Number of protein chains: 2
Amino acid sequence: MSDDGLRASAPRAVVLVSGGLDSATTLALARERGFACYALSVDYGQRHRAELDAARRVASAGGAVEHRVMRVDLAGIGGSALTDAAIAVPTTPSSGIPVTYVPARNTVMLSLALGWAEVLGAAAIFVGVNAIDYSGYPDCRPEYVAAFETLARLATKAGVEGRGLSIEAPLIAWSKATVIAEGTRLGVNYRETVSCYQADEAGAACGGCDACRIRREGFLAAGIADPTRYAGAG
Amino acid sequence: MSDDGLRASAPRAVVLVSGGLDSATTLALARERGFACYALSVDYGQRHRAELDAARRVASAGGAVEHRVMRVDLAGIGGSALTDAAIAVPTTPSSGIPVTYVPARNTVMLSLALGWAEVLGAAAIFVGVNAIDYSGYPDCRPEYVAAFETLARLATKAGVEGRGLSIEAPLIAWSKATVIAEGTRLGVNYRETVSCYQADEAGAACGGCDACRIRREGFLAAGIADPTRYAGAG
């Protein structure tokens, strides 16, 4: 069967792709499980565009059937260092819920994925949330993902008509080192991904924020060379 | 105490205001219950702008502290007669889930409300969903609203920190006649609201679509004169 033929008969999944390490790995895992993947990136008013550029590269390299970017203006409600220029991105580890938490971000992104999943007749939505490295974010916990799956079944034609729609968060209990090891096994090119909260225009990482620190420690723990492009490095 | 002083001490609520009859009534009920109301309208790529113009009038007349319009491009995913020009709006009653159903619309709107509620420290989100007149929409049922409340508590700082956040759907079990009778008691001016799926630029209703039919029958059943501006009428 041709590659197109295989895709046409495969169950569909919407995969949230931010351009970071976790979502690139999640896309690879969804493909490994046989899904025809529809990549969705949400432009929620990020400070920099490097993340969306990385998302396009990740979707393309990861074999997505289609990639869409939906814009929603979360910056308008403020409340996060990631969308509000008045709040500084911290460079030291924080306790509790960090200021980089974007209010309702995962709920908004999953809702948009749900709408597209319904139109596509998709059987699953994949999201790269991780409860271990980001334990301060309430919407990265297993009980949150389970609650969204319950909601999704009640909210949709697919649910009402008895067809399943599952929310898959394969990384949720993995360490960053496990994510990196699994992604490497599946051929993910992490040099194309951007995790940094304040990457420059070209996607080079600052090396100092929480996201950079967690990522660097992940490569170290996995025993895999860190391919990240750091600003000012060669 | 001044009106400003009362507002400052009142608990806050985000109220989803579409510009229709139900959301105007919901706003009036939230105000009656003592909330300082923050009106949120979501521009999800509607075919006409009359609905958003009506939302501005409703928010203002209903005493909202602030009114915001957030744009999200649900038209990009298609699948509904309300956002997809290729699907006709029906003029006869339909059975099952109607083609005017917008995939995940209430989930997306409630998610945006949740983000703003979190930033505001709001105690409640009010939404004018109604299970009686729109029984074909899966995301207008009580079990859907309850599932979103569960999700909201798991998704947010407020929930994690033990402060409550409730999802209020006061109209959910009311007939359209009851909605109209209650709103009339609270002084809602229904002439300013637009329910029609295909209102003209000036907000005049077609008189023929499902939404117009349900609205007209509601005024009739409530024994209240229908103030709706119909296209072609005086």
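This is a short dialogue on reading a predicted two-chain model.

Reader: Before anything else, what ipTM and pTM does the predictor give the complex?

Author: The model is predicted, and the predictor reports an ipTM of 0.85 and a pTM of 0.86 for the complex. For chain A, the mean pLDDT is 84, with 81% of its residues at 70 or more.

Reader: OK. What rotation and shift superpose chain B on chain A?

Author: The general idea goes like this: two copies of a chain are related by a rotation about an axis plus a shift along it. Here the rotation is 180° and the shift along the axis is 0.0 Å, with an RMSD of 0.0 Å. The two copies are therefore related as by a two-fold rotation axis. If you want to locate that axis from chain B, look at B:Val72, whose C-alpha is the nearest to it in that chain, at 2.4 Å.

Reader: And how many residues does each chain bring to the contact?

Author: Interface size is often quoted as the accessible area lost when the parts come together. In residue terms, chain B brings 36 and chain A brings 37. On the chain B side, strand E3 (66–71), H4, H5 and H6 each supply at least two residues. H4(B) gives the most, with 9 residues. By class, that side of chain B has 20 nonpolar, 9 polar and 7 charged residues.

Reader: Why do the copies meet through the same surface?

Author: Because 100% of the interface residues of chain B are also interface residues in chain A.

Reader: Let's zoom in on H5(B). How many of its residues are buried?

Author: A bit of helix background: an α-helix has 3.6 residues a turn, so residues three or four places apart point the same way. H5 of chain B covers residues 142–155 and reaches 20 Å from its first C-alpha to its last, close to the 20 Å expected. Of its 14 residues, 10 are buried, among them B:Tyr144, B:Phe148, B:Leu151 and B:Arg153. Those buried residues pack against H4 and H5 of chain A, and also against H4, H6 and strand E5 (166–168) of chain B.

Reader: Last one: is A:Val129 buried or exposed?

Author: A:Val129 sits in the loop between strand E4 (124–126) and H5 of chain A. The cut-off for buried is 20 or more other C-beta atoms within 10 Å. A:Val129 has 24 such neighbours, so A:Val129 counts as buried. Leaving aside residues up to four places away in sequence, A:Val129 touches A:Asn106, A:Cys140, A:Val145, A:Ala169 and A:Ile172. A:Ser23 is 106 residues from A:Val129 in sequence, yet their C-alpha atoms are 8.2 Å apart.

Conventions:
Residues are numbered from 1 along each chain as its sequence is written. Chains are lettered from A and ligands numbered from 1 in the order in which they are written. This is a predicted model: local features need pLDDT of at least 70, side-chain atom pairs count only at pLDDT 80 or more; totals for chains, interfaces and linings use all residues. Copies are superposed by least squares on the C-alpha atoms of residues with pLDDT of at least 70 in both. Two residues are in contact if their C-beta atoms, placed from the backbone, lie within 7 Å. Helices (H or I, at least four residues) and strands (E, at least two) are DSSP runs, numbered from the N terminus. The expected span of a helix is 1.5 Å times one less than its number of residues. A residue is buried if 20 or more other C-beta atoms lie within 10 Å of its own, exposed if 12 or fewer, and partly exposed in between; C-beta atoms are placed from the backbone. Ala, Val, Leu, Ile, Met, Phe, Trp, Tyr, Cys and Pro count as nonpolar, Asp, Glu, Lys and Arg as charged, and the others, Gly among them, as polar. pLDDT is the predictor's confidence in each residue, from 0 to 100.
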